[in-house]
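These are my notebook entries from one sitting with a structure, kept in the order in which I looked things up. I put down each term with its cut-offs where I first lean on it.

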Amino acid sequence: ISGRGNIQAAKTWGGKAATCVHKGPYNNIEPSYNALDEWVKGKGLTPIGAAIEIYLNDPDVMQPEELLTQIFYPLAAE
């Protein structure tokens with residue numbers, strides 16, 4: 001599928017993922033990544049590829065403390 005302007009098609013992985021939701025400002029997301037890293041390693045899982053962030057609400061409407069970001073780590077098949 002061809003894109004148009006700022007909208008481009010992309011391919012993502014299919015399979016298992018580890019995920020968490022960060023609540024708060026985008027510039028304070030590192031502790032959520034660290035917690036997800038620790039959980040993944042503690043379960044003996046292997047992340048593959050880049051993490052994906054999904055922004056669940058609008059920073060133009062919400063206060064920074066109320067922003068929600070879902071983080072996905074694609075995982076290697078067991």
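**Entry 1: terms and ground rules.** Before looking up any residue I fixed the accessibility classes: buried is under 20% relative accessible area, exposed is over 50%, and partly exposed is in between, with a 1.4 Å probe and protein chains only. What I have is a predicted model, in which local features need pLDDT of at least 70 and side-chain atom pairs count only at pLDDT 80 or more, while totals for chains, interfaces and linings use all residues. I number residues from 1 along each chain as its sequence is written, and side-chain values use heavy atoms, with hydrogens and water left out.

**Entry 2: the chain as a whole.** I took helices (H or I, at least four residues) and strands (E, at least two) as DSSP runs numbered from the N terminus. On that basis the protein chain has one helix and three strands, which follow the pattern β-α-β-β along the sequence. I looked up the radius of gyration, taken over C-alpha atoms, next to the globule rule of 2.2 Å times the number of residues to the power 0.38; a compact globule of 78 residues would come out near 12 Å, whereas this chain has 15 Å. Its C-alpha atoms fill a box of roughly 40 × 35 × 15 Å along the principal axes. Buried residues make up 21% of the 78. With contact meaning heavy atoms within 4.5 Å, I noted that residues 24 or more positions apart account for 65% of the contacts with a separation of 6 or more.

**Entry 3: the aromatic pairs.** I counted rings of Phe, Tyr and Trp (its six-membered ring) as paired if their centres lie within 6.5 Å, with planes under 30 degrees apart called stacked, over 60 edge-to-face and the rest tilted. The structure holds two such pairs. Tyrosine 26 and tyrosine 55 meet edge-to-face, at 5.2 Å centre to centre with 70° between the planes. Because tyrosine 26 lies in the loop between S1 and helix H1 (30–42) and tyrosine 55 in strand S2 (residues 52–55), this pair ties together parts that are 29 residues apart in sequence. Tyrosine 26 is partly exposed at 32%, and tyrosine 55 is also partly exposed, at 46%. The rings of tyrosine 33 and tyrosine 73 have centres 6.1 Å apart and planes at 45°, so I entered that pair as tilted. It joins helix H1 to strand S3 (residues 68–74), parts that are 40 residues apart in sequence. Here I found tyrosine 33 buried at 17% and tyrosine 73 buried at 8%.

**Entry 4: the nonpolar core.** Which residues make up the largest nonpolar core? I used the term for a set of buried Ala, Val, Leu, Ile, Met, Phe, Trp, Tyr and Cys residues joined through side-chain atoms within 4.5 Å. The largest has eight residues: Ala18, Ile29, Tyr33, Leu36, Val40, Ile71, Tyr73 and Leu75. H1 and S3 each supply at least two of them, and H1 gives the most, with three. Not counting residues up to four places away in sequence, isoleucine 29 touches His22, Glu53, Thr69 and Ile71.

**Entry 5: histidine 22 and threonine 69.** Histidine 22 sits in strand S1 (residues 17–23) and counts as buried at 4% relative accessibility. Its side chain reaches the backbone oxygen of proline 25 at 3.1 Å. Beyond four places in sequence, I listed its contacts as Asn28, Ile29, Ser32, Leu67, Leu68 and Thr69. Threonine 69, in strand S3, is buried at 0%; with neighbours within four places left aside, its contacts include Cys20, Val21, His22, Glu53 and Ile54.

**Entry 6: the salt bridge.** Taking a salt bridge as a side-chain nitrogen of Lys or Arg within 4 Å of a carboxyl oxygen of Asp or Glu, I found one in the structure. Glutamate 66 and lysine 23 form a salt bridge at 3.4 Å, N to O. The pair links the loop between S2 and S3, where glutamate 66 lies, with strand S1, where lysine 23 lies, 43 residues apart. Glutamate 66 is partly exposed at 36%, whereas lysine 23 is exposed at 52%.

**Entry 7: asparagine 6.** Last, I looked up asparagine 6, which lies in the segment before S1 and is exposed at 84%. Its C-alpha atom is 18 Å from that of aspartate 58, 52 residues apart along the chain.

How values were computed: A polar contact is a pair of N or O atoms within 3.5 Å; within protein, one must be able to donate a hydrogen and the other to accept it, and residues adjacent in sequence count only if both atoms are side-chain atoms.
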